[in-house]
Amino acid sequence: MKKSILILLAAVALLPFVVRPAIASEVWIFAIFGLGLNLLLGYTGLLSFGQSTFFGSAAYVAGWLMKIHGVNAFLALGIGVGVGAASAAVVGYLCVQRSGLYFIMLTFALNQLFYFTAYQWTSVTGGEDGMPGVPRPALLGIDFNNPLVYYAFVSLLFLISLYLMKKIVESPLGKILQAIRENEVRAEAVGYNVPRFKLLAFVIGGAFSGLAGVLYAMLFGIVPLEAISFVFSGNVVFATLIGGSGSLYGPVIGSFVFIWLSESMSTVWARWPLLLGVAFVLVVLFLRGGIVEAWSRFWSWKSSKQKT
Amino acid sequence: MEILETKNLTKAFGALTAVNAVSLAIEAGSLHSIIGPNGAGKTTLFNLLTGTFQPTSGRIIFDQKEITGTPASRIAHLGLARSYQRTTVFPAFSLFDNVWVAAFATGKSWKGLLYREIDSYSEVAERANLALRDVGLEDKSKQLAREISHGEQRQLELAIALAAAPRVLLLDEPAAGLSPEETRKMVALVRALKGRYTIVLIEHKMDIIMSVSDRISVMHFGSLIAEGTPAEIQKNPEVRRAYLGGVAA
Ligand SMILES: Nc1ncnc2c1ncn2[C@@H]1O[C@H](COP(=O)(O)OP(=O)(O)O)[C@@H](O)[C@H]1O
Ligand SMILES: [Mg+2]
């Protein structure tokens with residue numbers, strides 16, 4: 001446990017010198033997004049295919065407030081978290097009574113509803129062109145326009161998010177959500193109102209997504225229409241599964257790999273998503289626990305070789 | 001005094017009346033068995049008592065209070081816990097976590113639900129360990145539920161119900177699928193629980209029922225056809241015709 005934290009801190013410290021600070025920031029922003037999804041996917045066993053609803057809504061609302069009303073960064077982030085949680089409460093309320101494929105399709109359909117709203121409402125969202133001009137307002141005299149300073153800010157928020165998520169998954173709530181994943185009928189029978197707990201997971205996941213959405217808008221100075229589309233919803237599921245949905249660190253590692261791959265490969269080879277597709281198939285077929293599982297399997301294989 | 005009563009409880013699935021005007025009274029502290037051939041409606045009766053299904057008509061009274069229509073997740077909090085005929089545990093959880101989740105649900109308070117560490121609820125852990133000890137699984141508390149034998153899973157099934165510290169235990173064929181040896185162990189276990197809890201036991205193995213029950217109710221095609229002490233039931237001609245016929249006589 002101590003070791004993984006050291007590795008993480010080292011990665012946070014070194015990353016902006018390995019890749020451009022903007023990409024480094026994107027890695028941890030996406031990781032926050034993944035942490036939120038994984039509370040649903042990995043812990044509760046709910047495949048939400050509409051997480052960009054919360055990410056995008058928060059980005060638009062907070063981005064608009066910063067751009068038009070000069071709201072400060074702190075307030076904007078708080079509002080983003082609130083919008084993420086509130087939109088997740090609405091979507092969650094409509095989805096938690098469904099299960100299996102119906103659940104997945106409903107999260108997707110509601111995501112499409114939000115997407116088309118953003119697409120049509122061009123006076124605010126800019127439609128297909130996105131909403132440009134999102135500033136990075138200074139906070140307590142700190143100028144976030146310096147990429148490294150903004151990176152440090154993002155990293156700090158990421159580490160706080162990770163700490164909070166660790167507390168949550170190790171709390172009774174984390175255990176109850178996993179119990180729901182393992183056996184919904186029994187979880188209900190031993191005394192948990194399952195739909196209400198699923199809703200709670202949605203709201204918490206939505207809050208994390210909202211935070212990530214605002215940070216994303218501030219990072220690139222724009223809210224692209226993609227940020228509320230199924231592309232982002234799919235990407236975060238993808239990244240989390242590749243990293244490993246069975247553990248806290250899975251989505252972090254997945255986001256690291258996903259963003260790095262997409263940034264480094266997209267300039268070299270236009271068909272790079274093919275690689276992701278292959279990775280995805282491998283994970284689904286052979287490695288349900290993603291990179292995290294591959295890593296632990298590798299080490300147990302190595303130590304068993306050393307013994308003989 | 002009755003702790004659990006049903007009044008004309010009925011459940012219809014379309015044209016099939018699985019439970020038909022069942023009126024039952026369970027004496028506090030007793031072990032009351034419900035027998036009947038497969039498909040008689042015994043499990044459905046439990047599903048009604050625990051809020052899994054809502055009855056088509058009739059009432060359920062627990063501890064002098066009407067609980068008809070109470071949702072399943074509230075039932076455990078009232079003090080009614082059940083086990084399942086088909087093993088229904090949390091497979092990827094350790095045995096301890098299986099009972100911990102059940103113990104926490106009915107714990108004194110959920111304070112710190114989102115941030116307190118699991119080990120900081122000492123009362124819950126104590127109750128969880130007690131439940132494992134009651135069924136003889138305390139040595140395996142760290143093993144995963146999916147890795148233990150079928151017989152042990154049946155014991156765990158029971159432990160999850162016990163962890164809620166209920167007042168009434170509803171046991172649905174606890175010996176289902178067990179070998180004769182394992183069945184003997186399970187009977188001893190149920191016998192040890194007798195007196196500590198009010199127990200409603202569904203079973204279709206007659207030998208088990210006769211030796212442990214205070215009272216027996218017999219179900220047939222959804223209806224109660226007889227009720228009495230084990231000796232009375234054994235002598236009842238209607239019961240012998242409907243149920244014991246080929247088996248015991
Ligand atoms: N959910 C359900 N939907 C439709 N029919 C059901 C359902 N549950 C049970 N039944 C039917 O009700 C009858 C009683 O079943 P059950 O209560 O399981 O009997 P027992 O436990 O006595 O063997 C059976 O005919 C069964 O097929
Ligand atoms: Mg049955």
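This passage describes the surroundings of ligand 1, the magnesium site, helix α1 of chain B and residue A:Q178 in a predicted model.

Ligand 1 is surrounded by residues of chain B. The shell comprises B:F13, B:L16, B:A18, B:P37, B:N38, B:G39, B:A40, B:G41, B:K42, B:T43, B:T44 and B:F53. By class, six of these residues are nonpolar, five are polar and one is charged. Backbone atoms of the shell approach oxygen atoms of the ligand. For B:G39, a backbone N or O atom lies 2.8 Å from an oxygen atom of ligand 1. B:K42 also places a backbone N or O atom 2.8 Å from a ligand oxygen. At B:A40, a polar backbone atom is 3.2 Å from an oxygen atom of ligand 1. Taken alone, the ligand exposes 560 Å², and the protein buries 62% of that area. Two elements of chain B, β2 (16–27) and α1 (42–49), each give two or more residues to the shell. The largest share, three residues, comes from α1(B).

The magnesium ion is ligand 2. Its protein donors are OG1 of B:T43 and OE1 of B:Q85, which lie 2.0 to 2.1 Å from the ion. The pair links distant parts of the chain, 42 residues apart. B:T43 belongs to helix α1 of chain B, whereas B:Q85 sits in the loop between β6 (80–83) and α3 (95–105). B:T43 is also one of the residues around ligand 1. Both donors are partly exposed. The relative accessible area is 26% for B:T43 and 28% for B:Q85. Each value falls between the 20% limit for buried residues and the 50% limit for exposed ones, so neither donor counts as buried or exposed.

Helix α1(B) is largely enclosed by the rest of the structure, because seven of its eight residues are buried. These are B:K42, B:T44, B:L45, B:F46, B:N47, B:L48 and B:L49. Among them, B:K42 and B:T44 also belong to the shell around ligand 1. The magnesium donor B:T43, in the same helix, is partly exposed. Just after the helix, B:G51 takes a positive phi of about 80°.

In chain A, A:Q178 lies in helix α8, which spans residues 172–182. Its relative accessibility is 14%, under the 20% limit, so A:Q178 counts as buried. Beyond its neighbours within four places in sequence, A:Q178 is in contact with A:Y43, A:V169 and B:F93. The contacts of A:Q178 thus include residues of chain A, A:Y43 and A:V169, and one residue of chain B, B:F93.

Methods:
Residues are numbered from 1 along each chain as its sequence is written. Chains are lettered from A and ligands numbered from 1 in the order in which they are written. This is a predicted model: local features need pLDDT of at least 70, side-chain atom pairs count only at pLDDT 80 or more; totals for chains, interfaces and linings use all residues. Side-chain values use heavy atoms; hydrogens and water are left out. A residue is near a molecule or strand if one of its heavy atoms lies within 4 Å of it. A polar contact is a pair of N or O atoms within 3.5 Å; within protein, one must be able to donate a hydrogen and the other to accept it, and residues adjacent in sequence count only if both atoms are side-chain atoms. Accessible areas come from the Shrake-Rupley method with a 1.4 Å probe; for residues, only the protein chains shown count as cover. Helices (H or I, at least four residues) and strands (E, at least two) are DSSP runs, numbered from the N terminus. Ala, Val, Leu, Ile, Met, Phe, Trp, Tyr, Cys and Pro count as nonpolar, Asp, Glu, Lys and Arg as charged, and the others, Gly among them, as polar. Donors are N, O and S atoms within 2.8 Å of the metal (3.2 Å for Na, K and Ca); water is not among the atoms, so sites may look incomplete. Buried means under 20% relative accessible area, exposed over 50%, partly exposed in between (1.4 Å probe, protein chains only). Contact means heavy atoms within 4.5 Å.
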